[in-house]
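Reader: I have a new model open on my screen, and I would like to learn how to read it. Could you walk me through it, one feature at a time?

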Amino acid sequence: MTVTSLRPRPEPAEVARVTSTAAELLEVLWGRASTAPASASQLRVLLILEHHEGINLRTLADSLASTPPSTSRLCDRLQAAGFVERVVSAVDRREVRLQLSSRGRAFLADLRSRREQALRAVLDQMPAAKRVALLQGLEAFCDAAAAQIHDDSDDARTSGTRTA
């Protein structure tokens, strides 16, 4: 599956195809590190809360491009599992802030550890120079993807569109 050996400057479509294949393989590897008892949607909530501690339900719903009732149900299940806590805002007691519980943080740390272990097994098989190239490419990809996600979030907030 080597594409760069013949083309030092591959087209974005070609890179997108190979990246998609890599993402699918990553899904398989990560599937071995089960996210149970959290679903994929619940995992997204946990990851958002980890990076935006204390956000309210409306902001979380916007981040998920979902509706507040759907997001509230997700949070209900996460709270019942002990992963999320709801805290009344000190500024406005009508507002509820969401945060990860210690159990939620421990779950994410354990999941990351298991996923990284699966990745290390693959990366150990790669030559060091290819790992360096992969790291540089992934850093650039992460920067571009984060910028795109940020831009998309801004667009969704200004247009007012949501999905269930």
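Author: Gladly! Let's begin with one helix and its hidden face. The buried residues of helix 4 are Pro68, Ser70, Thr71, Leu74, Cys75 and Leu78. Around the axis they span an arc of only 160°, which places them on the same side of helix 4. Please keep in mind that this is a predicted model.

Reader: Why would residues spaced like that point the same way?

Author: The general idea is simple. An α-helix has 3.6 residues a turn, so residues three or four places apart point the same way.

Reader: What covers the buried residues of helix 4?

Author: The cover includes helix 2 (40-51), helix 3, strand 2 and strand 3 (96-100). Helix 4 lies across strand 2 and strand 3, and runs at about 110° to strand 2.

Reader: How do I check the length of helix 4?

Author: Compare its end-to-end distance with what the residue count predicts. Helix 4 has 13 residues and reaches 18 Å from its first C-alpha to its last, close to the 18 Å expected at 1.5 Å a residue.

Reader: And what is found on either side of helix 4 in the sequence?

Author: Ahead of helix 4 (68-80) is a loop that connects it with helix 3 (57-64), and Ala65 lies in that loop. Ala65 has a positive phi of about 55° although it is not a glycine. Its relative accessible area is 31%, so Ala65 is partly exposed. After helix 4 comes Gly82, with a positive phi near 85°.

Reader: Let's turn to the strands. How are they ordered in the sheet?

Author: To read a sheet, follow the order of its strands across it, then look at their directions. Here three strands form an open sheet in the order 1-3-2, with antiparallel pairing. Strand 1 (55-56) and strand 2 stand at the edges and have a single partner strand each, so one side of each is left without a neighbour in the sheet.

Reader: How many bridges join strand 2 and strand 3?

Author: The two strands pair in the antiparallel sense over five bridges. As one example of residues facing each other, Glu85 stands opposite Gln99 in strand 3. Helix 2 also belongs in this picture: it lies across strand 1, strand 2 and strand 3, running at about 100° to strand 3.

Reader: Let me pick one residue of strand 2. Is Val84 buried or exposed?

Author: For a single residue, look at its accessibility and then at its contacts. Val84 lies in strand 2 (residues 84-88). It has a relative accessibility of 3%, under the 20% cut-off, so Val84 counts as buried. Beyond four places in sequence, Val84 touches Leu46, Leu49, Leu78, Gln79, Leu98, Gln99 and Ser101. Leu78 is one of the buried residues of helix 4 that we met earlier.

Reader: Where is Ser101, and which residues does it touch?

Author: Ser101 is found in the loop between strand 3 and helix 5 (102-123). At 5% relative accessibility, Ser101 counts as buried. Leaving out residues up to four places away in sequence, Ser101 touches Gly82, Phe83, Val84 and Glu85.

Reader: That leads me to helix 5. Which of its residues are buried?

Author: You can read helix 5 just as you read helix 4. Its buried residues are Gly104, Phe107, Leu108, Leu111, Arg115 and Ala118. They cover an arc of only 95° around the axis, which puts them on the same side of helix 5. On the other side, Ser102 and Gln117 are exposed. Helix 1 (12-31), helix 2 and strand 3 are among the elements that cover the buried residues of helix 5.

Reader: Which residues of helix 5 does Leu47 contact?

Author: Leu47 lies in helix 2. Apart from its neighbours within four places in sequence, Leu47 is in contact with Leu108 and Arg112. At 30% relative accessibility, Leu47 counts as partly exposed.

Reader: To finish, what is the overall pattern of the protein?

Author: There are six helices and three strands in the protein, and along the sequence they follow the pattern α-α-β-α-α-β-β-α-α. Buried residues make up 22% of its 164 residues. Among contacts with a separation of 6 or more, 54% join residues 24 or more positions apart.

Technical notes
Residues are numbered from 1 along each chain as its sequence is written. This is a predicted model: local features need pLDDT of at least 70, side-chain atom pairs count only at pLDDT 80 or more; totals for chains, interfaces and linings use all residues. Side-chain values use heavy atoms; hydrogens and water are left out. Helices (H or I, at least four residues) and strands (E, at least two) are DSSP runs, numbered from the N terminus. Buried means under 20% relative accessible area, exposed over 50%, partly exposed in between (1.4 Å probe, protein chains only). Contact means heavy atoms within 4.5 Å. The expected span of a helix is 1.5 Å times one less than its number of residues. The arc is that of the directions from the helix axis to the C-beta atoms. Two strands pair if DSSP finds at least two bridges between them. Axes are lines fitted to C-alpha atoms, for helices over the stretch in contact, and angles run from 0 to 180 degrees between N-to-C directions.
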